[in-house]
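Dear colleague,

Please find below the structure that I agreed to pass on to you. My notes on it follow directly after.

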Amino acid sequence: MAKEILHIRGMTCAACVRRVETGLTSVDGVQDATVNLATGKALVAYDAERVRLDDIRSKVVDLGYEVLDVNPLRPVDVRRTTLFVGGMTCAACVRRVENALKDVPGVREASVNLASSRATVTHHPLEVSPEQLQQALKDTGYQFLGIMDESPEDPVREATRRELRDLRRKLIVGAVLNVLIMAGSMPHSIPLLSAVPHRWLLIALLILTTPAVFWVGSRFLTGAIKATRQRTADMSTLVALGALSAYFYSAAATFFPDFFSKAGYELHVYYDSAAMIVTLVLLGRFLEM
């Protein structure tokens, strides 16, 4: 079985990845094809007696892309290990996982598929062990869910079911908290709340917003910390910054109102914004899954 790394130009999105993978695997003699959008590479395993490399190149061209270069891999020198990875949410996660796996001595190539939560690693069998790959994932902050062909069932599917249950639970709690916070943010529209002293109302909003930001939105805070440790930023960083900025500013305005009034600023709080940011993005994540 021959293995080649094709450098492909022209891919722009996940649809391109699926198109190239599907197109290559449809070629008679091609056993497997794994495409990496971030690096523009495709790792192709094929039977050299049934299909020529030129046929594979032609297929890529027929799909509308360009093959820039080909690097052969000799099967006696390498082994492919496919890992199931948990915790990836975006292209930034893909790059971090790939870079972490490539940094393991003996790894020649690492290709991560976000949609299937799989990382395919090409490595020297005597230099790299599965335990080293597992440790590299953990050190980067992602979950090692298992190795393909060693797991009796798809661990990604089970992890997805667990994540969906967790998302659904947090989404319900977040929705309830948002309704209460929105009501407290418009006390003059609700007769029962109009008589509550403004300071006590702000403290109640702080209490309601705290679990909305730190529990409902915990995945974004964890993701932001993970990205910071890797000296980078991603969507979780953006969500965390937005929610925490609104939360801590509102908390400061709640406990130190004189500081803002003396500076000539009109007192406003944004507890509803902090809670709404994490809940809406969480809803998007739930619908995506």
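Is Glu66 buried, partly exposed or exposed, judged by its relative accessible area? With a relative accessible area of 36%, Glu66 is partly exposed, because that value falls between the 20% limit for buried residues and the 50% limit for exposed ones. Please bear in mind throughout that this is a predicted model.

Salt bridges

The side chain of Glu66 forms a salt bridge with that of Arg9, with an N to O distance of 2.7 Å. Arg9 belongs to strand β1 (residues 2-9) and Glu66 to strand β4 (residues 66-73), so this pair ties together parts that lie 57 residues apart in sequence. Arg9 is likewise partly exposed, at a relative accessible area of 48%. In total, the structure holds 11 salt bridges.

A further salt bridge joins the side chains of Lys41 and Glu109, at 3.9 Å from N to O. Here Lys41 comes from strand β3 and Glu109 from strand β6 (residues 107-113), so the contact ties together parts 68 residues apart in sequence. Glu109 is buried, since its relative accessible area is 9% and the cut-off for that class is under 20%.

Within helix α5, the side chains of Lys170 and Asp166 meet in a salt bridge of 3.8 Å, N to O. These two residues of α5 are four positions apart, about one turn of the helix. Lys170 is buried, with a relative accessible area of 9%, whereas Asp166 is partly exposed, at 22%.

Finally, Glu163, Arg219, Arg285 and Glu288 are linked in a network of salt bridges.

The largest pocket

Three members of that network, Glu163, Arg219 and Arg285, also appear in the description of the largest pocket: together with Met88 and Thr89, they are the lining residues that lie nearest its centre. The largest pocket contains about 1100 Å³ of space and is lined by 38 residues. By type, the lining comprises 15 nonpolar, 13 polar and 10 charged residues.

Which element gives the most to the lining of the largest pocket? Helix α5 does, with seven residues. The elements that each supply at least two residues of this lining include the strands β5 (79-86) and β8 (143-147). Among the helices that do so are α3 (91-102), α5 (155-185), α8 (218-229), α9 (235-255) and α11 (271-288).

Surface and interior

A nonpolar patch on the surface is formed by Ile172, Val176 and Leu180, which together have about 270 Å² of accessible area. Val176 lies in helix α5, the helix that also holds Lys170 and Asp166. Val176 counts as partly exposed because its relative accessibility is 47%.

Is Val44 buried or exposed? Val44 counts as buried, because its relative accessibility is 1%. This residue is found in strand β3 (residues 41-46), the strand that also contains Lys41. Val44 and Glu4 are 40 residues apart in sequence, while their C-alpha atoms are 5.3 Å apart in space.

I would be grateful if you could look through these points alongside the structure.

With kind regards

How values were computed:
Residues are numbered from 1 along each chain as its sequence is written. This is a predicted model: local features need pLDDT of at least 70, side-chain atom pairs count only at pLDDT 80 or more; totals for chains, interfaces and linings use all residues. Side-chain values use heavy atoms; hydrogens and water are left out. On a 1 Å grid over the protein atoms alone, a cavity is a set of points where a 1.4 Å probe fits but cannot get out, and a pocket is an open set with protein on both sides within 12 Å along at least five of seven lines; lining residues have an atom within 4 Å of a point. Grid points are joined across faces, edges and corners, and a volume is the space filled by probe spheres set on the points. Ala, Val, Leu, Ile, Met, Phe, Trp, Tyr, Cys and Pro count as nonpolar, Asp, Glu, Lys and Arg as charged, and the others, Gly among them, as polar. Patches are made of residues with over 30% relative accessible area and no salt bridge: like charges are joined within 9 Å, nonpolar side chains (Val, Leu, Ile, Met, Phe, Trp, Tyr) within 5 Å. Accessible areas come from the Shrake-Rupley method with a 1.4 Å probe; for residues, only the protein chains shown count as cover. A salt bridge is a side-chain nitrogen of Lys or Arg within 4 Å of a carboxyl oxygen of Asp or Glu. Buried means under 20% relative accessible area, exposed over 50%, partly exposed in between (1.4 Å probe, protein chains only).
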